[in-house]
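User: Please take a close look at one part of this structure and explain it step by step. I am in my first year, so plain wording would help.

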Amino acid sequence: MKTARYAIGIDLGGTNFRVALVSRDGVIVRKIKRPSGEQVVGSVLDTIEDLKHSEIAGIGLGVAGLIDRGRGRVFTSPNLRGIEAIDFVGEIKTRFNVPIVIENDANVAALGEKTAGAGQGFENFVLLTLGTGIGGGIIHKGKLLNMPSEIGHMSISADAEKCPCGNNGCLENYASARAMITRTVSMLEKETESLLKECCKGSIYKITPEDIYKAALEGDTLSREILRDAGRYLGVGLANIINIIGPEAIILTGGLIGAWNIYIQEAIKEASRRAFKELFESVKIIPSSLGDDAGIVGAACLVFMEAAGTAA
Ligand SMILES: [Zn+2]
């Protein structure tokens with residue numbers, strides 16, 4: 001049988017999902033982005049139909065949450081409530097009858113960066129997605145580790161903030177977009193002076209991380225403090241990763257890397273204070289090069305690897 005040239009990669013997020021037709025070397029031939037909405041299963045199936053090709057090796061699906069790749073199920077997803085009840089794999093299989101693989105979204109993003117992005121030159125690296133929550137994926141000896149790698153849920157405090165995952169003191173409660181916004185709103189409710197009071201048509205409940213970064217660049221004290229504090233906590237997480245794994249690189253992706261000059265710089269500074277000097281000096285902390293496309297590329301690459309029996 002002829003080897004199929006393409007696979008379909010899907011990245012399913014809470015707000016939008018992306019579907020792409022991807023070649024064996026990780027190049028996107030065509031992609032579609034649509035809102036997730038109420039009827040997400042139907043929308044995803046229809047979008048696959050729009051991109052279908054006669055030479056498809058299979059379909060790869062990246063989803064935020066704890067995934068059982070072997071059984072093709074989502075165990076739990078703190079940031080995509082209700083997704084556990086949906087049998088995506090079954091639904092896709094019934095309609096298209098091709099191999100399908102499901103994996104954590106940050107894990108497939110790491111594989112995408114390894115295949116066609118900023119991770120190409122590294123055999124051992126950790127990828128972090130910095131958005132509403134914080135996700136992680138680990139490439140070890142050139143392969144994606146088939147492990148949860150829930151880096152955003154490492155505890156960095158013994159008690160404190162309750163996390164949607166049920167634990168207390170998780171990294172993402174201090175360093176994610178959700179954490180920044182919660183803290184900003186609470187400070188503004190306490191009448192803290194800030195340029196942010198004037199933004200978002202006067203509704204402090206609509207503030208985004210972009211608003212906070214913009215105000216910080218305009219010299220707003222509260223916004224700078226929010227970004228620096230979140231960065232400092234991210235630096236605690238980075239130091240833990242560096243000390244435990246000692247990777248060649250940490251690749252950062254997600255909406256928050258737009259605030260690199262304050263948030264990430266602060267994180268790097270904090271990590272340099274905490275990690276073993278020798279380990280810190282041998283790690284490169286760099287932005288992803290595929291950005292939002294890493295997940296769809298990686299999900300498709302995982303299909304090729306599963307078919308060839310080379311996935312970890
Ligand atoms: Zn958690």
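Analyst: His-153 has a relative accessible area of 16%, so it counts as buried, because buried means under 20%. This is a predicted model, and every value here is computed from it. His-153 is one of the residues that hold the zinc ion: its ND1 atom is a donor, together with the SG atoms of Cys-163, Cys-165 and Cys-170. The distances from these donors to the zinc ion run from 2.0 to 2.4 Å.

The geometry of the site comes next. The angles among the 4 donor atoms are 104 to 119°, and the site is tetrahedral. It counts as tetrahedral because four donors need all angles to lie between 85 and 135 degrees. For comparison, the ideal angle for four tetrahedral donors is 109.5 degrees.

Along the chain, the donors of the zinc ion follow the spacing H-x9-C-x1-C-x4-C. His-153 and Cys-170 are 17 residues apart, and both are in the loop between β10 (143-144) and α4 (172-175). Cys-170 has a relative accessible area of 0%, so Cys-170 is buried as well.

That loop also holds Ser-149. Ser-149 has a positive phi of about 45°, although it is not a glycine. Its relative accessibility is 9%, so Ser-149 counts as buried. On the other side of β10, Lys-141 is found in the loop between β9 (134-140) and β10. Lys-141 is not a glycine either, and its phi is positive, at about 50°. Unlike the buried Ser-149, Lys-141 counts as exposed, with 64% relative accessibility.

The helix that ends the zinc loop is α4, and one of its residues is Tyr-174. A search of the whole structure finds 1 aromatic pair. That pair is formed by Tyr-174 and Tyr-233, with 4.6 Å from centre to centre and 40° between the planes. The pair is called tilted, because planes under 30 degrees apart would count as stacked and planes over 60 as edge-to-face. Tyr-233 is in helix α7 (residues 221-245), and the two tyrosines are 59 residues apart, so the pair links distant parts of the chain.

The two rings differ in how much of them can be reached. Tyr-174 is buried, with a relative accessible area of 15%, whereas Tyr-233 counts as partly exposed at 27% relative accessibility. Tyr-233 has another partner too: the charged end of Arg-232 sits over its ring, 5.4 Å from the centre.

Further along the chain from α4, Ile-207 is in the loop between α5 (177-189) and α6 (209-217). Ile-207 counts as buried, because its relative accessibility is 4%. Leaving out residues up to four places away in sequence, Ile-207 touches several residues, including Ile-181, Leu-188, Cys-199 and Ile-212. Its C-alpha atom is 33 Å from that of Arg-30, which is 177 residues away along the chain.

Arg-30 falls within strand β3 (residues 28-35), which pairs with strand β2 (residues 16-23) in the antiparallel sense over 7 bridges. One of the bridge partners is given by Phe-17, which is matched with Arg-34 in β3. The hairpin of β2 and β3 has 4 residues between the strands, and there Gly-26 takes a positive phi near 80°.

Definitions and conventions. Residues are numbered from 1 along each chain as its sequence is written. This is a predicted model: local features need pLDDT of at least 70, side-chain atom pairs count only at pLDDT 80 or more; totals for chains, interfaces and linings use all residues. Side-chain values use heavy atoms; hydrogens and water are left out. Buried means under 20% relative accessible area, exposed over 50%, partly exposed in between (1.4 Å probe, protein chains only). Contact means heavy atoms within 4.5 Å. Two strands pair if DSSP finds at least two bridges between them. Donors are N, O and S atoms within 2.8 Å of the metal (3.2 Å for Na, K and Ca); water is not among the atoms, so sites may look incomplete. Four donors count as tetrahedral if all angles lie between 85 and 135 degrees; four count as square planar and six as octahedral if opposite donors are over 155 degrees apart and all others between 65 and 115; anything else is irregular. Rings of Phe, Tyr and Trp (its six-membered ring) pair if their centres lie within 6.5 Å; planes under 30 degrees apart count as stacked, over 60 as edge-to-face and the rest as tilted. A charge sits over a ring if NZ of Lys or CZ of Arg is within 6 Å of the ring centre and within 35 degrees of the ring normal.
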